Amino acid sequence: MRKGMTNRGWLRGFPGVDNWRKVLPVRSGWSTDEKYEIYTHTGEHYLLRAADEAQTKQKYAEFAFIQRCQALGFPMPRPIDCGLHGGRVYQLLSWVEGEPMAGELIGMPEEEQYRLGQEAGRALAAIHSVVLEPAEREEADGEVEARKRMVFRYLASRNRMAGDDSVVMFVAKHVARPKRLAGLHGDFHIGSLLLTPDSKIAVIDFNRRHVGDRWQDFQKSQAFTIPRSTAFVNGQIHAYFRGDPPDDFWEAFAYEVAYGAISQIIWAESLGADIVRQMQMNYARAMRDFRGFTPCEPPRWYVQA
């Protein structure tokens with residue numbers, strides 16, 4: 001897995017550091033953020049995230065979004081502080097107790113997987129209910145050009161999939177400015193969810209937060225949740241829509257999954273050949289599940305509510 005920076009020298013003089021009892025590096029996940037688990041002498045348990053100061057605007061917006069999600073009713077990190085120190089922009093958050101959902105689903109009865117998926121779907125709907133500020137809506141303006149650039153990068157890649165012309169054409173046909181604007185989690189799948197000690201879903205890792213089409217937040221479920229649990233994703237969809245989705249969801253979902261399938265191959269190129277192969281396998285699975293991305297048809301794994 002990709003690891004963030006590990007030089008702790010910048011922490012000297014950090015606000016409140018004299019009260020820290022234990023500092024442990026957190027190396028899990030794909031984020032390039034530097035992350036630490038912190039225990040204090042007075043009993044607090046924190047997560048400290050830090051990134052290069054060049055990401056200040058992005059990280060402040062992320063922190064503000066986490067603040068606005070606090071009243072939504074599901075477990076998530078509590079924002080403590082955000083600022084600049086030692087050439088980095090940092091976020092200090094409460095530590096969320098729980099176990100990674102990906103591991104907890106193994107051997108779990110399908111009925112319980114479905115129930116937890118429903119809980120995740122309600123949490124996602126709550127996130128999408130957060131009212132956007134006028135300036136935030138402008139964030140989506142560059143979405144079309146960014147996606148076009150990604151398609152061109154894929155076309156030039158040596159890791160293109162065989163027989164992918166129809167997929168590229170499908171994606172190119174559907175690239176458009178987001179229709180259903182919302183603040184997105186940006187990485188909503190079981191890798192960003194925890195199972196708390198009282199069997200609740202906790203949502204973490206808001207570092208890919210952005211503004212876009214709300215249905216885009218289902219994209220990662222195909223690549224990262226479906227291989228572990230189709231019941232979980234069915235529950236997530238049913239709870240989000242309070243039943244079966246409208247017909248236009250399936251075409252939008254197929255587009256998001258197709259775009260994700262090719263963009264994740266490009267994303268993986270900086271992480272090594274093994275990760276590229278993993279994303280190519282995800283592409284093949286998506287092709288099978290979505291019948292070559294035929295619009296308006298649910299994927300093979302979908303079960304009606």
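A pocket here is an open set of grid points with protein on both sides within 12 Å along at least five of seven lines, and its lining residues have an atom within 4 Å of a point. Keep in mind that the model is predicted.

**Exercise 1.** Work out which residues lie nearest the centre of the largest pocket, and which elements build its lining.

*Solution.*
- Start with the space: the largest pocket holds about 1300 Å³.
- Next, go to the middle. Of the 39 lining residues, Gly186, Asn207, Arg208, Arg209 and His210 lie nearest the centre.
- Now look for elements that give two or more residues to this lining: they are helices H1 (56-68), H4 (134-137), H5 (143-155), H7 (219-225) and H9 (247-268), plus strand S10 (210-213).
- Pick out the top contributor: H5 has the largest share, with six residues.
- Finally, sort by class, and you get 15 charged, 13 polar and eleven nonpolar residues.

**Exercise 2.** Do the same job for the second largest pocket: find its volume, the residues closest to its centre and the make-up of its lining.

*Solution.*
- The volume comes to about 1100 Å³.
- The lining has 43 residues, and Ser28, Gly29, Gly191, Ser192 and Asp205 sit closest to the centre.
- Elements supplying at least two lining residues include strands S3 (45-52), S5 (88-94), S6 (99-100) and S8 (193-195). Helices H1, H2 (101-104), H7 and H10 (273-289) do so too.
- H10 gives the most, at four residues.
- By class, the lining splits into 21 nonpolar, twelve polar and ten charged residues.

Key: Residues numbered from 1 in each chain as written. Predicted model: local features only at pLDDT ≥ 70, side-chain atom pairs only at ≥ 80, totals over all residues. Heavy atoms only, no water. 1 Å grid on protein atoms, 1.4 Å probe; cavity = no way out; pocket = protein on both sides within 12 Å on 5 of 7 lines; lining within 4 Å. Points joined across faces, edges and corners; volume = space filled by probe spheres on them. Nonpolar A, V, L, I, M, F, W, Y, C, P; charged D, E, K, R; others polar.
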